[in-house]
Amino acid sequence: MLARLEAIRSEAGEGINVNEGYRPYGFNIASYLGDCAGAKDMRECVKEKSMHVSGKSVDMKRSARLLRATKNLQARSGGGVGIGPTVIHVDTRKRIANWFYR
Ligand SMILES: [Zn+2]
């Protein structure tokens, strides 16, 4: 995950503001369901939240350059990218997955 962040930071040419990286195991499925209430795809949302527990994903503050660099990296290396109005979620899953937050 850190190598991925470094690749994004270097290509974007700007620092990354991490909103949420590793989450402690205290967060459980019930809290994910709460977080995901109203999500368009509840299953995808819960899966996304759970990846934070294992340190395989990071939410960063969104900028145009970081978003472009993130999409370029995804095209080269795969992974999940979730895009919200102010946030970009990046994770290290093998397959390519894309979604949007409201
Ligand atoms: Zn996330």
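**Helix 4 and the strand 4 to strand 5 region**

Arginine 93 lies in the loop between strand 4 and strand 5. The model examined here is a predicted one. Arginine 93 is partly exposed, because 14 other C-beta atoms lie within 10 Å, and a residue must have 20 or more to count as buried. Beyond residues up to four places away in sequence, arginine 93 touches Gly79 and Gly80. The C-alpha atoms of arginine 93 and glycine 80 are 6.3 Å apart. Along the chain, 13 residues separate this pair.

Isoleucine 96 lies in strand 5, which spans residues 96-100. Isoleucine 96 has 12 other C-beta atoms within 10 Å and is therefore exposed. The limit for that class is 12 or fewer. Glycine 80 appears again here: its C-alpha atom is 5.5 Å from that of isoleucine 96. The two residues are 16 apart in sequence. With neighbours within four places left aside, isoleucine 96 is in contact with Gln74, Gly78 and Gly79. Of these contacts, Gly78 sits just after helix 4. Glycine 78 takes a positive phi of about 80°.

The chain as a whole provides the setting. It holds 4 helices and 5 strands. From the N terminus on, these elements run α-β-α-α-β-α-β-β-β. The chain has 102 residues, and buried residues make up 19% of them. Contacts between residues at least 6 apart in sequence were also considered. Of these, 55% join residues at least 24 apart.

Helix 4 covers residues 64-77, 14 residues in total. From its first C-alpha to its last, helix 4 reaches 20 Å. This is close to the 20 Å expected at 1.5 Å a residue. The buried residues of helix 4 are Leu66, Ala69 and Thr70. Viewed down the axis of helix 4, these buried residues fall within an arc of 105°, so they line one face of the helix. Ala64 and Ala75, on the other side of helix 4, are exposed. The buried residues pack against four elements: helix 1 (2-12), strand 2 (57-61), strand 3 (79-83) and strand 4 (87-91).

Leucine 66 illustrates the buried face of helix 4. This residue counts as buried because it has 22 C-beta neighbours inside 10 Å. Apart from neighbours within four places in sequence, leucine 66 is in contact with Ile8, Ala12, Glu14, Ile16, Met60 and Ile88. Leucine 66 and glutamate 14 are 52 residues apart along the chain. Their C-alpha atoms are separated by 7.6 Å.

Helix 1 is one of the partners of the buried residues of helix 4. The two helices pack at an angle of about 125°. Their axes are 8 Å apart. That angle makes helix 1 oblique to helix 4. The crossing is right-handed. On the helix 1 side, the contact is made by Arg4, Ala7, Ile8, Glu11 and Ala12. Helix 4 contributes Arg65, Leu66, Ala69, Thr70, Asn72 and Leu73. The buried residues Leu66, Ala69 and Thr70 are thus among the helix 4 residues in this contact. Ile8 and Ala12 of helix 1 take part in the crossing, and both are also in contact with leucine 66.

Conventions. Residues are numbered from 1 along each chain as its sequence is written. This is a predicted model: local features need pLDDT of at least 70, side-chain atom pairs count only at pLDDT 80 or more; totals for chains, interfaces and linings use all residues. The expected span of a helix is 1.5 Å times one less than its number of residues. The arc is that of the directions from the helix axis to the C-beta atoms. Two residues are in contact if their C-beta atoms, placed from the backbone, lie within 7 Å. Axes are lines fitted to C-alpha atoms, for helices over the stretch in contact, and angles run from 0 to 180 degrees between N-to-C directions. Angles under 35 degrees count as roughly parallel, over 145 as roughly antiparallel, 65 to 115 as roughly perpendicular and the rest as oblique. A crossing is left-handed if the near helix is turned anticlockwise from the far one by less than a right angle, and right-handed if clockwise.
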